[in-house]
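User: Please take a careful look at one part of this model, and then show me what lies around it.

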Amino acid sequence: MKTHATAFAPGPPHGGAGETALSLDTVTKVYGRADRGVRALDSVSVAVPRGTFTAVMGPSGSGKSTFLHCAAGLDRPTSGTARIGGTDLTRMNETELTKLRRSRIGFVFQAFNLVPSLTVRQNIELPLRLAGRRRERAWLEEILGRVGLAGRQRNRPAQLSGGQQQRVAIARALVTRPDVIFGDEPTGALDTVTAKEILTLLRTCVDEGAQTVVMVTHDPVAASYADTVLFLADGRIADRMRRPSPDMIADRMTHLGAWA
Ligand code: ADP
């Protein structure tokens, strides 16, 4: 079952062992009025080491999206601190946050979010253009090879399958050599076989490319590709598991009332 766990030798963490790629320190997020608003995150603290794969799970409304948005600088915590590679996001203004997201964070979404009028190559280069960074031909070729799209770089997204489009999105996320790649249900729109290919690719990015991946998912099989699974319930971290099997994850989710 867990062939992915043994298919790759664990690579050394990027930038040295023990470094933290991102962290939340007592992050609370309240939507609406402080006294009777919704407490979407309640004093959450977590540190994600570089070169690891983390899955975030939990029942609907448990705070997964809010966690992802606060960790990625898309939303501001009401209190507490969020850091990417040691940089405190809560001290940055909107312009600085936009710049940081473009250069140091990659995103992969359920709906791929590619630009339909651009070719595969142009989509992948887009973050570099937006950040005003030079395009290195050799690096682009390497990424295209890594995601298995070397022959498709002149195609438009509509000419590709869903799995291939998600490969483009992963290449686009990798191109700036970000501190973290965030995935928001990246396999949610894919069939089981294609989902496995995409999860294996993300696993390879971590094991062979020393990337850090944090992925929200509701799928126990998808979460089983991660090194660590965080379980959220009512805005708190209810549990964390190291390299659990899909069955262990499903069992934990059942106890959190996820599928009641
Ligand atoms: P999940 O991703 O696990 O479904 P969310 O982070 O989306 O959970 O939501 C956590 C809680 O915060 C829920 O109760 C939700 O209704 C609430 N919430 C999320 N976003 C907003 C918002 N913009 N305004 C008010 N409440 C929100």
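How many residues lie between strand 4 and strand 5 in their hairpin, and which residue in the turn has a positive phi?

Analyst: The hairpin of strand 4 and strand 5 has 2 residues between the strands, and the turn residue with a positive phi, about 50°, is Gly85. Before going further, please keep in mind that this is a predicted model, in which local features need pLDDT of at least 70 and side-chain atom pairs count only at pLDDT 80 or more, while totals for chains, interfaces and linings use all residues. Residues are numbered from 1 along each chain as its sequence is written, and side-chain values use heavy atoms, with hydrogens and water left out.

The two strands of the hairpin run antiparallel and are joined by 2 bridges; strands (DSSP runs of E, at least two residues) and helices (runs of H or I, at least four) are numbered from the N terminus, and two strands pair if DSSP finds at least two bridges between them. Across this hairpin, Arg83 has Asp88 in strand 5 as its bridge partner.

Moving outward, the hairpin belongs to an open sheet of 4 strands with antiparallel pairing, whose order is 2-1-4-5. Strand 5, residues 87-88, and strand 2 are the edges of this sheet, and because each has a single partner strand, one side of each is left without a neighbour there. Strand 4, which covers residues 79-84, also pairs with strand 1, residues 20-31, in the antiparallel sense over 5 bridges. Within that pairing, Leu24 stands opposite Ala82 of strand 4, while Leu22 has Ile84 as its bridge partner. Helix 2 packs on the sheet and touches strand 1, strand 2 and strand 4, its direction making about 125° with that of strand 1; contact here means heavy atoms within 4.5 Å, and the angle, on a scale from 0 to 180 degrees, is taken between N-to-C directions of lines fitted to C-alpha atoms.

Helix 2 also leads us to the ligand, since it gives the most to the shell around the ligand, with 3 residues. Among the residues that surround the ligand are Tyr31, Val38, Gly63, Lys64, Ser65 and Thr66, each having a heavy atom within 4 Å of the ligand. For polar contacts, which are pairs of N or O atoms within 3.5 Å, three residues may be read one after another. An N or O atom in the side chain of Thr66 is 2.6 Å from a ligand oxygen atom, an N or O atom in the side chain of Ser65 is 2.8 Å from one, and a backbone N or O atom of Ser62 lies 3.2 Å from one. On its own, the ligand has 560 Å² of accessible area, of which the protein covers 58%, as computed by the Shrake-Rupley method with a 1.4 Å probe. Strand 2 (38-49) and helix 2 (64-71) are the elements that give two or more residues to the shell.

A second hairpin can be set beside the one you asked about. Strand 9 and strand 10 form a hairpin with 2 residues between the strands, where Asp234 takes a positive phi near 50°. Strand 9, residues 228-233, pairs with strand 10 in the antiparallel sense over 6 bridges, and the partners in strand 10 include Ile237 for Leu232 and Met241 for Val229. These strands lie in an open sheet of 6 strands with mixed pairing and the order 6-7-8-3-9-10.

Note on methods: A polar contact is a pair of N or O atoms within 3.5 Å; within protein, one must be able to donate a hydrogen and the other to accept it, and residues adjacent in sequence count only if both atoms are side-chain atoms.
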